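Reader: I have a model open on my screen and would like to understand the labels people put on it. Could you walk me through them?

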Amino acid sequence: MKNLAYDENGLLIVNESHCCEHFEPDNGALVPMRECWCCKWSNFRKAGETDNLGGYSICNYVGNKKEEAVLK
Ligand code: SF4
């Protein structure tokens with residue numbers, strides 16, 4: 001993802017196939033591939049999440065928040 005976008009809380013918005021160096025496989029992913037959909041920091045597999053719309057979710061990893069990105 002070349003153009004990074006953030007939600008109103010400063011959390012990175014990610015698409016299913018994005019990945020970063022902080023990837024950690026989620027236990028709910030049967031065959032975890034290195035992509036946000038299989039990462040424990042995204043909300044893609046969480047039931048009832050309203051921010052999982054149109055193939056996008058948010059990344060909950062604090063190091064990827066907007067404030068952190070500005071400091072890097
Ligand atoms: S969900 Fe976040 S931490 Fe996980 S791979 Fe995607 S950008 Fe990285």
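Reader: Which residues make up the largest nonpolar core?

Author: Happy to help, and please keep in mind that this is a predicted model. The largest nonpolar core consists of 11 residues: Leu11, Leu12, Val14, Cys36, Trp37, Cys38, Cys39, Trp41, Phe44, Ile58 and Cys59. At least two residues of this core come from each of β2 (12-15) and β3 (56-59).

Reader: What makes that set a nonpolar core?

Author: Two conditions have to hold: the members are buried residues of the nonpolar kinds listed for a core, and they are joined through C-beta atoms within 7 Å. Cysteine 59 is a good place to look, with contacts to Leu11, Leu12, Val14, Cys36, Trp41, Ser42 and Asn64 once residues up to four places away in sequence are set aside. Ser and Asn are not among the residue kinds that a core admits, so Ser42 and Asn64 are left out of the set.

Reader: Why is tyrosine 61 called partly exposed?

Author: Tyrosine 61 has 19 C-beta neighbours inside 10 Å. Buried would require 20 or more, and exposed would require 12 or fewer, so a count in between is called partly exposed. Tyrosine 61 belongs to the loop between β3 and α1 (66-71).

Reader: Which residues is tyrosine 61 in contact with, leaving aside its neighbours within four places in sequence?

Author: They are His22 and Trp41. For tryptophan 41, which is 20 residues away along the chain, the C-alpha separation from tyrosine 61 is 5.6 Å.

Reader: How do you know that β2 and β3 pair, and in which sense?

Author: Pairing takes at least two bridges between the strands, and β2 and β3 have four, in the antiparallel sense. In one of the pairings across these strands, isoleucine 13 has isoleucine 58 in β3 as its bridge partner. As background, strands of a sheet pair through backbone hydrogen bonds, either parallel or antiparallel.

Reader: Why are β1 (5-6) and β3 called edge strands?

Author: The open sheet has three strands in the order β1-β2-β3, with antiparallel pairing. β1 and β3 each pair on one side only, and that makes them the edges. Along the protein chain, the elements run β-β-β-α from the N terminus.

Reader: What is the make-up of the shell around the ligand, by class?

Author: The shell has 10 nonpolar residues, four polar ones and no charged ones. Of the 14 residues around the ligand, Cys20, Cys36, Cys39, Ser42 and Cys59 come nearest. Cys counts as nonpolar, whereas Ser falls among the polar residues.

Key. Residues numbered from 1 in each chain as written. Predicted model: local features only at pLDDT ≥ 70, side-chain atom pairs only at ≥ 80, totals over all residues. Near = placed C-beta within 6 Å. Contact = placed C-beta atoms within 7 Å.
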